[in-house]
Amino acid sequence: MELGSPLFEVVTALAQGVKQRELLDWGGAAFRVLNVAVTEPPEFRSGRGRFRTTTPVVMKGTGCDTDGTRSTRQAWLMPTDPEFPVFFQRNLRRKAETLGLDPEIYLTAITWIGSKRSFSVGHGAKPGAPVEVELTGPPESLQAIWSWGLGQANAAGFGWITA
């Protein structure tokens, strides 16, 4: 099981708390704690990185038709949709800004798209697909994105990056 956060202090506190337990009850599933290790993000010294997710990336679009009229509030985008790159890049920049980091992150390529999958979360299903993307940006911002995840609903397990 992997848990993560772009805030090193949160990861350190979480790791210490889990280390002190023999058993972890996670939503009714019992996990025996055998080992806890903190994984450092890659350095991204070149300002470039390739990120592949193990879980689907979910991203919401405008829900507007070609006339600009909003037709739905649940406008889930797939990586093949024309709006996806723009909304995806905005999401990356908002994450960096939230952490007080340089938001000049760019999506340079979507290099792989996995199969569409939907998961029931809360009061509805969220569709998405695992992806592999190439990003450029400040190394510290790329490290934070690597630790946070891609797309939306990361706290629900979406967009988890393969370590």
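Start by selecting E132: at 12% relative accessibility, this residue counts as buried. Keep in mind as you click around that this is a predicted model.

Now add R52 to the selection. R52 and E132 form a salt bridge, with the closest N and O atoms 3.1 Å apart. The two partners come from distant parts of the chain, R52 in strand β3 and E132 in strand β9, 80 residues apart. Unlike its buried partner, R52 is partly exposed, with a relative accessible area of 34%.

Stay on these two strands and pick R50 and E134. Here is another salt bridge, and its closest N and O atoms are 2.3 Å apart. Again distant parts of the chain are linked: R50 sits in strand β3 (residues 48–52) and E134 in strand β9 (residues 131–136), 84 residues apart. How buried is E134? Its relative accessible area is 19%, and since the cut-off for buried is under 20%, E134 counts as buried.

Next, show R48, R50, R52, E132 and E134 together as sticks. These residues are linked in a network of salt bridges. The whole structure has six salt bridges.

For one of the others, jump to R93 and E104, whose closest N and O atoms are 3.9 Å apart. R93 belongs to helix α2 and E104 to the loop between α2 and β6 (106–113), so this salt bridge ties together parts that are eleven residues apart in sequence. R93 is partly exposed at 22% relative accessibility, and E104 is partly exposed at 37%.

While you're on helix α2 (residues 84–98), select K95. What is the nearest side chain of opposite charge to K95? That would be E97, 13 Å away; K95 is buried yet has no salt bridge. To see what surrounds K95, show I145, W148, G149, L150, G151 and N154: these are its contacts once neighbours within four places in sequence are left aside.

Finally, zoom out and switch to cartoon. You'll find three helices and nine strands in the protein chain, arranged along the sequence as α-β-β-β-β-β-α-β-β-β-β-α. The radius of gyration is 17 Å, close to the 15 Å from the globule rule for 163 residues, so the chain is as compact as a globular protein of that length. Along its principal axes, the C-alpha trace spans about 55 × 40 × 25 Å.

With a surface view on, you're looking at about 9700 Å² of accessible area, 52% of it from carbon and sulfur atoms. Colour by burial and 36% of the 163 residues come up as buried. Colour by charge instead, and the mean positions of the 17 positive and 16 negative charges lie 5 Å apart.

Definitions and conventions
Residues are numbered from 1 along each chain as its sequence is written. This is a predicted model: local features need pLDDT of at least 70, side-chain atom pairs count only at pLDDT 80 or more; totals for chains, interfaces and linings use all residues. Side-chain values use heavy atoms; hydrogens and water are left out. Helices (H or I, at least four residues) and strands (E, at least two) are DSSP runs, numbered from the N terminus. The radius of gyration is taken over C-alpha atoms; the globule rule is 2.2 Å times the number of residues to the power 0.38. Buried means under 20% relative accessible area, exposed over 50%, partly exposed in between (1.4 Å probe, protein chains only). Accessible areas come from the Shrake-Rupley method with a 1.4 Å probe; for residues, only the protein chains shown count as cover. Lys and Arg count as positive and Asp and Glu as negative; His and the chain ends are not counted. The place of a charge is taken as NZ of Lys, CZ of Arg, CG of Asp or CD of Glu. A salt bridge is a side-chain nitrogen of Lys or Arg within 4 Å of a carboxyl oxygen of Asp or Glu. Contact means heavy atoms within 4.5 Å.
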